[in-house]
Amino acid sequence: MTFIEQLKEKIWSGDDILKEEAILLYQEPLEELCQAANEIREHFCQNRFDICTIINGKSGKCSEDCKYCAQSAYYYTSAKEYPLLDTKEIVRQAKYNAQQGVLRYSIVTSGRALKASELEQMCEAIRAVREQVDIKVCVSFGLLNEEQFGAVKAAGASRVHNNLETSRRNFPNVCTTHTFEDKVQAIKAAMAAGLSVCSGGIMGLGETVEDRIDMAFTLRELGIKSVPVNMLNPISGTPYEGNVRLTVEDMRRIVAVYRFILPDGSIRLAGGRGLMEDKGEGCFGSGANAAISGDMLTTAGYTIETDMEMLHRLGYEVGLN
């Protein structure tokens, strides 16, 4: 029995793999690794595929200095700048997404955290969406506290998105205006308020393989079940504009190892998918079973229609995970 098969059997028996095993697994032959990861996905998640869309509810002038981000006020980029969208526009886009068969819709705002007046406005928008549209609402409003997350839940949101971005060790290299622990505390506050949490990171920030694995283990410890895996889009004007772009093979390997670490989770391809020649199809055969469709905040995405066609061709059934 190969090492890959041994770990697969260990997972199927209900045990978790160790960090040392994950690091060794990362070096295994790609095709065998991806096939086993896909078998784990089928075993724990069947063919259900969770597809969501996002709306950029507030853009630019962000106070944080995350080195990958076009919306940071620290960098000069071509990203649009505008205040909170009004409720009418947020509802309009929710209706459009629901008509396309999307079941989850996320409102994302720039900044460290929404101010009290902004949060109140967004809660009004969430209530309007839930009253008028048959779609789940997810929010990414920054580093809120438990009381604020409670207000979001009371308005009708069911999930909070808050990426760790990278490992605890590497985080200070990526951002200095808030900490990894700030992220962890916000995630715990959202959970304490009764919300599910979507959290992952970006690959290609200069991290090591061990950093990628460490982040996955932190997510497992936190009990995260929805894990976005982004590939860095090196945006001109940001400190990471010269970073070497990862390949499809890199992303397939990362997704496959994440499936071994998080066997029953939704491994969600997110930002950067449009840079892949196959638009992520290879990753959907390597353990990924979720995706963000449509436009990606400051970068163009893919149409919901073409994603739905691809998922149907791959034998997936769209549903909430």
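In the predicted model, strand E2 and strand E3 (residues 136–140) pair in the parallel sense, over 5 bridges. Within this pairing, Ser106 stands opposite Cys138 of E3. The connection between the two strands runs through helix H5 (residues 116–132), and E2, H5 and E3 together make a right-handed β-α-β unit.

E2 also pairs with E1. This pairing is parallel and spans 6 bridges. Ile55 has Ile107 of E2 as its bridge partner. Here too a helix belongs to the arrangement: E1, helix H4 (residues 87–99) and E2 make a right-handed β-α-β unit. E2 thus takes part in parallel pairing with E1 and with E3.

The burial of E2 was examined next. The strand covers residues 104–109, and 6 of its 6 residues are buried, so E2 is largely enclosed by the rest of the structure. Buried here means a relative accessible area under 20%. Side chains leave the strand in two directions. Arg104, Ser106 and Val108 point one way. Tyr105, Ile107 and Thr109 point the other way. Both sets are buried. Ser106, the residue opposite Cys138, and Ile107, the partner of Ile55, therefore belong to opposite-pointing sets of a strand with 6 of 6 residues buried.

Two loop residues have unusual backbone signs for their type. Gln46 is not a glycine, yet its phi is positive, at about 55°. Gln46 lies in the loop between helix H3 (30–45) and strand E1 (48–58). Its relative accessible area is 49%, so Gln46 counts as partly exposed. The cut-off for exposed is over 50%. Lys279 likewise has a positive phi of about 55° without being a glycine. Lys279 sits in the loop between strand E8 (266–269) and helix H11 (281–284). With a relative accessible area of 37%, Lys279 is also partly exposed.

The second largest pocket has a volume of about 170 Å³. Its lining includes Asp16, Phe44 and Arg220. Gly223, Ile224, Lys225 and Val227 also line this pocket. Ile261, Leu262, Pro263, Asp264 and Gly265 complete the lining. By class, the lining has 6 nonpolar, 2 polar and 4 charged residues. Among the charged residues are Asp16, Arg220, Lys225 and Asp264. The polar class includes Gly223 and Gly265.

Conventions
Residues numbered from 1 in each chain as written. Predicted model: local features only at pLDDT ≥ 70, side-chain atom pairs only at ≥ 80, totals over all residues. Heavy atoms only, no water. 1 Å grid on protein atoms, 1.4 Å probe; cavity = no way out; pocket = protein on both sides within 12 Å on 5 of 7 lines; lining within 4 Å. Points joined across faces, edges and corners; volume = space filled by probe spheres on them. Helix = DSSP H or I, 4+ residues; strand = E, 2+ residues; numbered from the N terminus. Buried < 20%, exposed > 50% of the residue type's maximum accessible area, 1.4 Å probe, protein only. Pairing = 2+ DSSP bridges. Right-handed = clockwise from strand over helix to strand, strands pointing away.
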